[in-house]
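The exercises below ask for a careful reading of the model that follows, each with a worked solution. Please try each task before reading on.

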2 protein chains.
Amino acid sequence: MSNLKQLAQSLGLSITTVSRALDGYADVSPATRERVREAADKVGYRPNASARRLRKQRAELVAVTLPSDPGHIGPPHFIDMLSGCAEHLAGAGLNLVIAPVPRGESELEMCRRFVDGRRVDAMLLVRTKRHDERVEFLQSRGIPFVTNGRTESLMPHAFIDGDGFSGFREATLRFHAAGHRRIGHIAGPQEYYFAHARHRGWQAAMDECGLEADLCAEGAPTEQGGYLAALELLRLPRRPTALVCATDEMAIGALRALREIEGGEAISIVGHDDLPIGAFASPPLSTMRMTGENLGASFASLLLRAIAGEPAESLQELRPIEFVDRESHRRPFPEA
Amino acid sequence: MSNLKQLAQSLGLSITTVSRALDGYADVSPATRERVREAADKVGYRPNASARRLRKQRAELVAVTLPSDPGHIGPPHFIDMLSGCAEHLAGAGLNLVIAPVPRGESELEMCRRFVDGRRVDAMLLVRTKRHDERVEFLQSRGIPFVTNGRTESLMPHAFIDGDGFSGFREATLRFHAAGHRRIGHIAGPQEYYFAHARHRGWQAAMDECGLEADLCAEGAPTEQGGYLAALELLRLPRRPTALVCATDEMAIGALRALREIEGGEAISIVGHDDLPIGAFASPPLSTMRMTGENLGASFASLLLRAIAGEPAESLQELRPIEFVDRESHRRPFPEA
DNA sequence: CTTGACTCCCAAAACGTTTTGGATGACCTT
DNA sequence: AAGGTCATCCAAAACGTTTTGGGAGTCAAG
């Protein structure tokens, strides 16, 4: 409705002066600056976003990929992250836009659409694979981006990730210290970095303890996937006495399997993610969580620094995993 | 990197012709159209989004307000809704952008920023109040918008909402038919339309049954709010034998209160939202849910029709509520 | 040969900003 | 009075697209 031209005309000034007055440049007198500001306030003037973006060659937008396959990030945490990130970005004049993956289109094509159309200044990638084609594409295009989760890319890139290896190693050692010797692992799809890292953590602990790392079953990162994988392990002749599960959702599925099997109530279990739902499982699910407050704000700050041109090496945060002690990991096991 | 000018030059054509060829106009010959398309494909040309938006005077963006105060689970299935909506909008060339509310700024100011800066073509408002200033503002500006939840605005506006009144009325009648006579209501903040409608539904049922509608406590729409409100009712001399809770989250808090109180296990309870977490509560929480598939796609389609200029009256969907039968609503009550 | 219709193409304007590179005086200095 | 320094302002260009309003050329009909 109202633009610079009209505002300038009504003030008897040029649009240059009005624009510079509003941006606080020193080459407009304090008197006119104030006059301009008042007039702008009165008519509620806001610069047209598209025009500014075109001129400044910045989209003022950051896209975040939504993991649409099942086994998505749990709603509560993800919404908080989104909210924190958007809020923090808004402080720098950027908005967060959702990058859905329309059916029939690959995530790569989606990235291409956003990047080549100059629709975004940066991207936030959520579920990384060990070899992630989106990462390679963005690196080749030189677009700033931050990932939630590492990759095995040779070129370094910005990320925030939990130290799943150490978390799962320690969880496994904890079971060992409690007397368990047959410790199983319910693994997520190994093409995802997080699932692979957690698997390696379990494996390393088993090696350290001189135990065979053979009680492992892989499944989809869902309740059903956890259920099926757990059944697979529980049907073995020498079944595990403790289960380390890649995600809480899988752990909840595993709990269902335990309920269906004789002696299942004597098997200990631990998950990862700290889903609120876990506290209501029976028994309440012990779990792990990434340390640190306001993940979203951290992502936003990394994104801003990436846009500002900081090298990827200085934009990597590997966060420790902390144990959340509830009940499921210390069930009495009568296995003397 | 690549723009119309370069593409046109490389083809020996004018930018007009190239632009029209790509847009499939009839006034460019099939031969050149094909030639242009091939060249565009080869260099991966995509029109600059900001430039097109400026010229077409459309932002190609829709903003969605985020409901979640941190720590609170928020509307059920919100991520799914977001994802479905974004995907559906993308089919029409629109992207979904998150409208955060920076601290110190009201939701109204946030709307103003988006609308006056011409940053969006439409808005999706999520948690409506009975008197919602955002609704009034958008109506006065003539910006297309759709709300999740009705308001008491005199002017009609587009919305999708569950029929909370009927849902809660029927839930209350169901308790009455099961023999309950002291049916309490755990209410949400009454300035929210959904909370008020649910309250009225309970009240209407009590009236119909000739029962006093006095067992009502209001609380924040959180686990803790439900817990406190439930305690309030349970401490009354003639405490309720059944509780109708405004949301699942509050119901889960109420379940916690029941566990702490003598005879609590004999009190029946029902919630609303069908949070996945409810299935894991003990006892599994009976609840209600809005009928209909893919809420996000429905919102998207309403938004598109609103942008196309359809009148608000034809963009209103009131959806029936269906009962989700688990266990918590039929606990044996020994109260003869 | 002229006229009109039709096909294919294009120059220029417009969208609303920000930024560049002065222009115009006023005021001091010498 | 000339030269220099400031303070304040502005015209015009640029960002990359879409759309308007024709302009050539061809062909058939009159």
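**Exercise 1. How many positive and how many negative side chains does chain A have, and how far apart do the centres of the two sets lie?**

Solution. In this predicted model, the count for chain A gives 40 positive side chains and 44 negative ones. The next step is to take the centre of each set, and these two centres lie 7 Å apart.

**Exercise 2. Describe the overall dimensions of chain A, and set its radius of gyration against that of a compact globule.**

Solution. Begin with the expected value: for 336 residues, a compact globule would have a radius of gyration near 20 Å, whereas the value for chain A is 26 Å. Then turn to the principal axes, along which the C-alpha atoms of chain A fill a box of roughly 90 × 35 × 35 Å. As for the surface, chain A exposes about 14,700 Å², of which carbon and sulfur atoms supply 50%. Buried residues make up 53% of the 336 in the chain. Finally, among contacts in chain A with a separation of 6 or more, 67% are accounted for by residues 24 or more positions apart. The secondary structure of the chain comprises twelve helices and twelve strands.

**Exercise 3. Where is A:Glu322 found, and which residues does A:Glu322 touch beyond those up to four places away in sequence?**

Solution. First locate the residue: A:Glu322 belongs to strand S12, which covers residues 321-324 of chain A. Its relative accessible area is 33%, so A:Glu322 is classed as partly exposed, since that class lies between the 20% and 50% limits. Leaving aside residues up to four places away in sequence, the contacts of A:Glu322 are with A:Thr287, A:Met288, A:Arg289 and A:Thr291. One of these partners, A:Arg289, is also joined to A:Glu322 by a polar contact of 2.6 Å between the side chains. As a last step, consider A:Pro144, which is 178 residues from A:Glu322 in sequence and 30 Å away in space, C-alpha to C-alpha.

**Exercise 4. Is A:Thr147 buried or exposed, and which residues surround A:Thr147 as contacts?**

Solution. A:Thr147 sits in strand S4, residues 145-148 of chain A. With a relative accessible area of 0%, A:Thr147 is buried, because the cut-off for that class is under 20%. Once residues up to four places away in sequence are set aside, the residues that A:Thr147 touches include A:Leu125, A:Thr128 and A:Val135, as well as A:His157, A:Ala158, A:Phe159 and A:Ile160. A:Phe299 is a further contact of A:Thr147.

**Exercise 5. Examine the backbone of the loop between S9 and S10 in chain A, and then that of A:Asn294.**

Solution. Start with the peptide bond from A:Ser282 to A:Pro283, which is cis, with omega near -5°. A:Pro283 lies in the loop that runs between strand S9 (268-270) and strand S10 (287-290) of chain A. In chain B, the bond from B:Ser282 to B:Pro283 is likewise cis, with omega near -5°.

A:Asp274 is also placed in the loop between S9 and S10 of chain A; although this residue is not a glycine, its phi is positive, near 60°. At a relative accessible area of 17%, A:Asp274 counts as buried.

The final step concerns A:Asn294, in the loop between S10 and helix H12 (295-307) of chain A. Phi of A:Asn294 is near 45°, again a positive value in a residue other than glycine, and at 43% relative accessibility A:Asn294 is partly exposed.

Technical notes. Residues are numbered from 1 along each chain as its sequence is written. Chains are lettered from A and ligands numbered from 1 in the order in which they are written. This is a predicted model: local features need pLDDT of at least 70, side-chain atom pairs count only at pLDDT 80 or more; totals for chains, interfaces and linings use all residues. Side-chain values use heavy atoms; hydrogens and water are left out. Helices (H or I, at least four residues) and strands (E, at least two) are DSSP runs, numbered from the N terminus. The radius of gyration is taken over C-alpha atoms; the globule rule is 2.2 Å times the number of residues to the power 0.38. Buried means under 20% relative accessible area, exposed over 50%, partly exposed in between (1.4 Å probe, protein chains only). Contact means heavy atoms within 4.5 Å. Accessible areas come from the Shrake-Rupley method with a 1.4 Å probe; for residues, only the protein chains shown count as cover. Lys and Arg count as positive and Asp and Glu as negative; His and the chain ends are not counted. The place of a charge is taken as NZ of Lys, CZ of Arg, CG of Asp or CD of Glu. A polar contact is a pair of N or O atoms within 3.5 Å; within protein, one must be able to donate a hydrogen and the other to accept it, and residues adjacent in sequence count only if both atoms are side-chain atoms.
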